[in-house]
Every structure is written in structure tokens, then in C-alpha cells.
Amino acid sequence: MSLTKITVETIGAMKTRGEKIAALTAYDFPMTKLLDEAGIPFIHVGDSLGMVVLGYPDTTHVTMSDMEHHTRAAARAKPRALLGADMPYRSYETPADAVTNAKRLAAAGAEFVKAEGGRGIIGQVRAIIAAGIPFCGHLGMLPQHVVEEGGYHVKGKKEPEHEALLEDAKALAEAGAFAIVLELVTPPVARELTQTLPIPTIGIGSGPDCDGQILVTSDLIGTFPWFTPRFVKPRANCAAAIKTAVIDWKNSLV
Ligand code: KIV
């Protein structure tokens, strides 16, 4: 990989070349720097920070100020990676709101924004892209709807859900989204979307056949040991390492 700045075009070209897109979340300066130094091309300030950093039960409590604060911290790392940020709950109810808030995140350092939904937010998506801000879609399980949906359920098993996913994905791609996150989409449907869409799919809990994969970094490295999604195989147990180091130091004082 060359050392030039990664753009939305670079991410699109990775799909064309069949190169897997590794994407991870970061919410602050040191993690963004570490992921960037490890060569991750797509770093995302997800509203998952509501749970794994701020201690809320779900993402619906995250505000625009929270997202701006963490996006600014991540952007100070000046990553070579493409750096995105989530539009939080209720920050994109109308096209005008969507543009105002996407501009706030861009001013904080986001090089793209992501929002949840398909045809239902297509006016907002078009308005954000017309304002010159790259947009990443998010389909399947939509965490900002977890309360009304009563949990995190796999999408695409039933034919109407399958049809809706195809139509929503097509609408996002036609509106100009540069990529789409597929969360908890049944693997055959995620594969079908990946094969039919001209833009990359980035899966999370959606099987191996997406163009890329994204994880909440805390799940991957074990810094939030109180909950790990069933589809994640942690590669480190940082919580245990932190406790051991802290206990060693405490014991060294006596
Ligand atoms: O909030 C988040 O971190 C996300 C990604 C994991 C897709 O939306």
C-alpha cells in the first residue's frame, strides 16, 4: 500500500481490486494513531462510543456534542486512514438538519459521515452529498432503532426484509453513497448485495463475503469485557492486561 492519504476513492478502488477493507472504530487520539500505524485504512468514530466509552445502554443517548468532541480527538491524530463519524440519533430528521449536523462533524474532522437507513432518509443522504460531504450508508440492524425493535435482530431472513434491503441499498448507491455498512444481515443477502452493488459493502456480523469488515475495536481487543457480540472473536484481552499491570504496581508500593 502506498503512503498517500486514503480517500473514499481509495476505498472504492479496493473493492474493484478485490482487496478486503479492514475497518475499525476509534473514539480518541491514541487509538486512532495506533490503528493508523497498524495500516487500517478506514477508521470510524462510531456512535457505539455511547456504550463502550460513555457507559450508556445503547446509542440513542449520544448527542451531536459527544460526536464532535470524540471526532475532534480522533482527527488530531491526522490519520492517513479515511476518518468517518456517525450522525447520532435524531440528528438527521430532515434534509436541513442532516446538512447542518454533517457540516458540524466535517468541521470537527470527519472526512465522511454515516447515518442509519435507506429510502426513508434518501432526501437527507442526497442533501449531505450535495453539500460536498461523502456519505456511508448503514443497513440491516439499525442500532439507533434498538429500543423500538426490542433488541439486535438479524435482518434479511424473510423475503420482505430481503427485498427491502436490496431496494434500500440500490437507493443509497444511486444517491451517491460511497460505501454501505451491513449490520447483522444474513450472510447470503450480504453476499448478494456485495455482488450486485457498485460500491463497497462493509459487514459487521454479516458473514465473510462483504467487501470489508468493521468491528468495534473494544470488542476486538477486549477493553469492554462486560459484553462481546457473539460474532466477534477477540484477538486480545486488554482488560485482563490492564488489571494485571495495575495490581502489580499497587503491590509494588508495599
Ligand atoms: O457505531 C458504530 O461503531 C458503528 C460501526 C461498528 C459500524 O456503526
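Is arginine 17 buried or exposed? I started my notebook there, and arginine 17 turns out to be exposed, with a relative accessible area of 55%. A reminder to myself: I am reading a predicted model.

**Entry: salt bridges**

I looked up the charged pairs next, and the count comes to eight salt bridges. I went through some of them one by one.

Arginine 17 was already on my page, so I looked for its partner. Glutamate 19 forms a salt bridge with arginine 17, and the closest N and O atoms are 2.8 Å apart. I checked glutamate 19 too: its relative accessible area is 29%, so I noted this residue as partly exposed, since that class runs between 20% and 50%.

Then I turned to lysine 155, which pairs with glutamate 149 at 2.9 Å between the closest N and O atoms. Which side of the cut-off does lysine 155 fall on, buried or exposed? Lysine 155 is buried, because its relative accessible area of 15% is under 20%. Its partner glutamate 149 counts as partly exposed, at 29% relative accessibility.

The pair I enjoyed tracing was aspartate 209 with arginine 191, where the closest N and O atoms are 2.9 Å apart. Where do the two partners sit? Aspartate 209 is in the loop between β7 (201–204) and β8 (212–215), while arginine 191 belongs to helix α9 (residues 187–196), so this salt bridge ties together parts that are 18 residues apart in sequence. I logged both partners as partly exposed: aspartate 209 has a relative accessible area of 33%, and arginine 191 comes in at 35%.

**Entry: the largest pocket**

I moved on to pockets. The largest pocket has a volume of about 680 Å³. It is lined by 31 residues, and I wrote down the ones closest to its centre: Met51, Tyr152, Glu183, Val216 and Pro229.

Which elements supply at least two residues each to this lining? I found α3 (49–52), β6 (179–183) and β8. For the chemistry of the lining of the largest pocket, I noted 16 nonpolar, eight polar and seven charged residues.

**Entry: the second largest pocket**

The second largest pocket has a volume of about 340 Å³. I counted on the listing for its lining: 17 residues, with Gln213, Leu215, Leu220, Phe231 and Arg235 the closest to the centre. The elements giving two or more residues to this lining are β1 (21–25), β7 and β8. By class, I have the lining of the second largest pocket down as ten nonpolar, five polar and two charged residues.

**Entry: backbone angles**

Last, I looked at phi. Most residues other than glycine have a negative phi, and I wanted to see the positive values.

Lysine 78 has a phi near 45°, a positive value in a residue other than glycine. I placed lysine 78 in the loop between α4 (64–75) and β3 (82–86). Its side of the surface was quick to settle: lysine 78 is exposed, with a relative accessible area of 68%.

Arginine 90 also went into the notebook, with a positive phi near 60°. Where is arginine 90 found? I located arginine 90 in the loop between β3 and α5 (95–108). Arginine 90 counts as exposed, because its 56% relative accessibility is over 50%.

Key: Residues numbered from 1 in each chain as written. Predicted model: local features only at pLDDT ≥ 70, side-chain atom pairs only at ≥ 80, totals over all residues. Heavy atoms only, no water. Salt bridge = Lys/Arg side-chain N within 4 Å of Asp/Glu carboxyl O. Buried < 20%, exposed > 50% of the residue type's maximum accessible area, 1.4 Å probe, protein only. Helix = DSSP H or I, 4+ residues; strand = E, 2+ residues; numbered from the N terminus. 1 Å grid on protein atoms, 1.4 Å probe; cavity = no way out; pocket = protein on both sides within 12 Å on 5 of 7 lines; lining within 4 Å. Points joined across faces, edges and corners; volume = space filled by probe spheres on them. Nonpolar A, V, L, I, M, F, W, Y, C, P; charged D, E, K, R; others polar.
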